[in-house]
Amino acid sequence: MSIVIQYPNQFSKEFNDLIIVISKIKELNNINNLPINAKLLYHSKDFTKILKDNRFYQSFLPSNNYKIFYNVKIVLINILKNDQFILEGSKLFLKFNKNSNKVLNIVFSNKLFKNYNDLCSNFVFGFLLKSYSFQKYKNNNNKFEVKTINIFNSKKSKLKNFNNLNNLLTSINYTKDLVSEPANILNPYTYAKKCLELKKIGLKIKILNKKQIEKIGMNSLLGVAEGSIYDPRIVIFEWNLKIKSKPIILVGKGITFDTGGISLKPSGGMEEMITDMGGSAVVVGSMMNAALNKIKKPLVGIIGLVENMPDGKAQRPGDIVKSLSGQTIEVLNTDAEGRLILADMLTYAQKKYKPKEIIDFATLTGAIMVALGTYKAGLFSNNNNLANKIFKSGEITNENVWRLPLSQEYDRDINSSRADMQNIGSRYGGSITAAQFLQRFIENKTPWAHLDIAGVTWNKKIGKSGYSALHSPGATAFGVRLINQFLTTK
């Protein structure tokens, strides 16, 4: 949804909801042309105490001519940082409901708008980020959706970087839409077809079908798809590629539904496996954002789209497959399928593009939630510089990651007596052995990072801290803001 930003010259009685954002209470004295007498508020001890204690005040206040009342919300933000303004904007959304006006009327103090214009943009971004709700299939749509935002200021200035943030928001919401779709709607066919929509924003997109995948030799990926009526697809996005340029490559796991295959999952909670394509959605959203915001770095996104189902033709525990790299894999558990498709995509990415760096995203293991809960993504990497840059990007965006080890002890756990490796290790350290498996497909010390986002892709309830505080329950698009920060940091 495209948000309309307007800069009206004056207030009218239609603008009955009024949001005032300040960093100090005394700034109320210096806001010109308000339709209410803010100076009276400033001299009220009760008002001052409420605002200092709660950093929020709400009341119906008369207009200067006392003919109408405005529903006034005053937000006090005394930490002048981007992430704080995004958080405060998202918290403000909770003060609205389906009966609220679909027009936001925001007044920033003169100090904020003049000296901290970027923070003002981030406040609006935070509000809109929290406002997402997937209600596509509900007959009674209860969500509050903003159509227009009016920004008032005496200097007739404009928000400087909101266009970039709005493009990022569009990409995040597109990612959330993908993750939220049910598997009877989003399968490898329909997903790949949907990706073609993004050609219109300048992305070059290529889709590989089953015959092409077979010809290339991606047998590890093909084995996962054998039990489904839907043949696999690989979608390749290219942005700003130049001759002899070494791109950054984003790789995403796209299991559109994961039953576990023959190693069938328990029924309880299986419906959440619509989110097992979350890594691929992050790649799609990141490529979309790169095109919309014209990011200058050469970038390639590769997603493998597969459905993992039990069937007479499905891959069995004990099967051995030969991957594109030439290495053989003994499949001990068909529910450890994400690493099987990533293995072939990592090899393909290196052979095809000679990348500068590879970053893969995958809802890979339940074990990462045992290790880190639902607050951070797991980070694994063979390169300290790449890992540090991702870690710092996560800190800035509140999409935090935590680096876990890779070492020979864990690598030995996936040795097989019948093949070059097996697709699971022992019971313990499951996220690490999964990452060790992927590392075996990285050639020539290519800088590579793996982000296990199983615990952070879906937000079950309203969080109070970190990335979860910025989103309503449902898909989070964790990783899109992180990669935007990663790509735009000099």
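This is a short tour of a predicted model, going from its sheet to the helices on the sheet and then to two buried helices.

**The sheet.** Start by selecting the eight strands that form an open sheet, in the order 7-8-10-9-13-17-14-15. Their pairing is mixed. To find the edges, pick strand 7 (204-208) and strand 15 (401-403), each of which pairs on one side only. From one strand to the next, the twist averages 20°.

**A parallel pair.** Next, select residues 248-258, which are strand 9, together with residues 299-308, which are strand 10. The two run parallel and are joined by 10 bridges. For one position in this pair, select Lys 253: it stands opposite Gly 304 in strand 10.

**Helices on the sheet.** Now add residues 384-397, helix 13, which packs on the sheet. Helix 13 touches strand 13 (357-362), strand 14 (377-381), strand 15 and strand 17 (448-452). Its direction makes about 155° with that of strand 15. Then select residues 430-439 for helix 15, which lies across strand 13, strand 14 and strand 17. Helix 15 runs at about 145° to strand 17.

**Two buried helices.** Move to helix 6, residues 162-180. From its first C-alpha to its last, helix 6 reaches 26 Å, close to the 27 Å expected for its 19 residues at 1.5 Å a residue. Of these 19 residues, 14 are buried, so helix 6 is largely enclosed by the rest of the structure.

Finish at residues 480-488, helix 16. Why is helix 16 described as largely enclosed by the rest of the structure? Because eight of its nine residues are buried. Among them are Arg 481, Asn 484, Gln 485 and Phe 486.

Terms used:
Residues numbered from 1 in each chain as written. Predicted model: local features only at pLDDT ≥ 70, side-chain atom pairs only at ≥ 80, totals over all residues. Heavy atoms only, no water. Pairing = 2+ DSSP bridges. Helix = DSSP H or I, 4+ residues; strand = E, 2+ residues; numbered from the N terminus. Axes fitted to C-alpha atoms, helices over the stretch in contact; angles between N-to-C directions. Contact = heavy atoms within 4.5 Å. Buried < 20%, exposed > 50% of the residue type's maximum accessible area, 1.4 Å probe, protein only. Expected span 1.5 Å × (residues − 1).
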